[in-house]
Amino acid sequence: MNTEAVTLDCRGLRCPAPILKLSRASRGDDRPSRLQVLADDGDFPTDLRAWCRSTGARLESLAEKEGFFVADIAFPTAGTAVEAPKAAEAPAPEAAPGVPVHEVDASGMRCPAPILAVAKAAKSASGPSVIRVKATDGDFPTDLEAWCRSTRSQLFSMTQGDGGFVALVGLNGLDELPAALRNGHAAKAPAPAPAAPAPAPAAPAASVGVDLDLRGEAPGMALVKVGQHSMMSSTFTFAAPASAALRKQLDAWAHALGVGLTLREESGVLYGDVGKLDVREVADTTPIAIQQPVSAGVPSAVPRENKATLLVLHNDFEPLMAALMVANASAAQGMDVEIYFSFWGVNVLRGDRPRKVEGTELEKPNLMKRMMKMMMPAGPDRQGMSKMNFGGAGVGMMKHFMKQDNILSMRELMEQAAEMNVKFVVCTMSMGLMGISKSDLMDLPNLEYGGVTAFSSAARVSAVSMVF
């Protein structure tokens, strides 16, 4: 390694060229121990930090001088490992004399709004506590069960009546529902009394005893509890209310997870035999010893973080809605979420009129770029559909139906995402190509600028990575 400091001039280069030039200069046995990099690309600071995290280089300083950035980078010598910062240990929750109950009324809300309401209540709760939530959305039981599994919350009960669903969820390590709360909940939503059994032919011996008796549960909750039990036992039997819809849902669940499932109906009861999981599921859940030797020098798999990284390339109504729904759902489950907007996707972040951005002057693109910007729809309320748009009539109908069904609009989803601390990262290279300046963008919290290196670095370690 060369111990002399070297200056690398990347001024005039645009993303990803500065990082590529830096990467070439840092390779080989004769690479310098320190590098000073000069660059004037708007994405450079974010991309440089991401590159340093990925390669183990140490960013000593980064400053802006006379319209360009100056960065000082140090490389570890051979055999020196970069010590990762130690995560602070979270204090154990203190036992509270009483368990507070947070009421959440999500009646009338449609997916993903009920789960977002639950996540907000959970975020404000401190110490062991309970959320009692009411909802009418048909997807709510399955969505809540998935949210509880992701956040390690405890789903104590789910009842269904004429007014919809009522669920009790334990937060922050509460694994047992207090007796008083159990009794109170039973009084609010009593389970129907079992009907007297009608005379029926003797059931086969295999169906007399079951491991999981769900005959008093609603079909939606029966499916949830079968899924929960399958995580603890690979083979078991269950009994549930006979329902064509439940049978169809169970078949779909078994097919999706590769679970062996046999169903039969007797005297109004649906009996199921769950078999062993197939090879795909075992591979996902059970560590398998590697029998063959691993070649020396092969790096281990990159550890995944509790993070979702989304890349938005298109500005069609449907992928934008899908991206924002995934972002909100991921943030609601406690994940760190970053959305990278590139090319046409940048248009959804444009405001109605230019605004003053501190530290920058209002940029004036040339005539061709101004014309291009004028032809593109600006903001979340003006994006058209990829199919059946019909000059805006199709998306107008879609928005009308969404309002009727109480589904969050694109603007509301963006506001919810900002409130959930979702990070919005914009590609300045794409902005420059289309004549979009920083002053054209909405004033959003957590708005940053970054390029392809920042996205690939984040996606590399993310548990979830998607492109829209």
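**Cavities, core and local elements**

The lining of the second largest cavity comprises five nonpolar residues, two charged ones and no polar ones; here Ala, Val, Leu, Ile, Met, Phe, Trp, Tyr, Cys and Pro count as nonpolar, Asp, Glu, Lys and Arg as charged, and the others, Gly among them, as polar. The structure is a predicted model, in which local features need pLDDT of at least 70 and side-chain atom pairs count only at pLDDT 80 or more, while totals for chains, interfaces and linings use all residues. Residues are numbered from 1 along each chain as its sequence is written, and side-chain values use heavy atoms, with hydrogens and water left out.

The residues that line this second largest cavity are C15, P16, P18, I19, D41, F44 and D47. Helices α1 (17–25) and α2 (44–55) each contribute at least two of its lining residues, and its volume is about 40 Å³. A cavity is a set of points on a 1 Å grid over the protein atoms alone where a 1.4 Å probe fits but cannot get out, and lining residues have an atom within 4 Å of a point. Grid points are joined across faces, edges and corners, and a volume is the space filled by probe spheres set on the points.

Two cavities of 30 Å³ or more are present in the structure. The largest encloses about 50 Å³, and its lining consists of V312, L320, A323, L324, I339, F341, V348 and M414. All eight of these lining residues are nonpolar. Helix α10 (317–332) and strand β14 (336–341) each supply at least two of them, with α10 giving the most, three residues. Helices (H or I, at least four residues) and strands (E, at least two) are DSSP runs, numbered from the N terminus.

M414, a lining residue of the largest cavity, also belongs to the buried residues of helix α13 (residues 410–419), which are M410, L413, M414, Q416, A417 and A418. Buried means under 20% relative accessible area with a 1.4 Å probe, protein chains only. These buried residues pack against α3 (113–124), α10 and β15 (423–426), where contact means heavy atoms within 4.5 Å. Just after α13, N421 has a positive phi of about 65°.

I339, another residue of the largest cavity's lining, is named with L144 and W147 as touching the most other members of the largest nonpolar core, which has 67 residues. Such a core is a set of buried Ala, Val, Leu, Ile, Met, Phe, Trp, Tyr and Cys residues joined through side-chain atoms within 4.5 Å.

Definitions and conventions. On a 1 Å grid over the protein atoms alone, a cavity is a set of points where a 1.4 Å probe fits but cannot get out, and a pocket is an open set with protein on both sides within 12 Å along at least five of seven lines; lining residues have an atom within 4 Å of a point. Buried means under 20% relative accessible area, exposed over 50%, partly exposed in between (1.4 Å probe, protein chains only).
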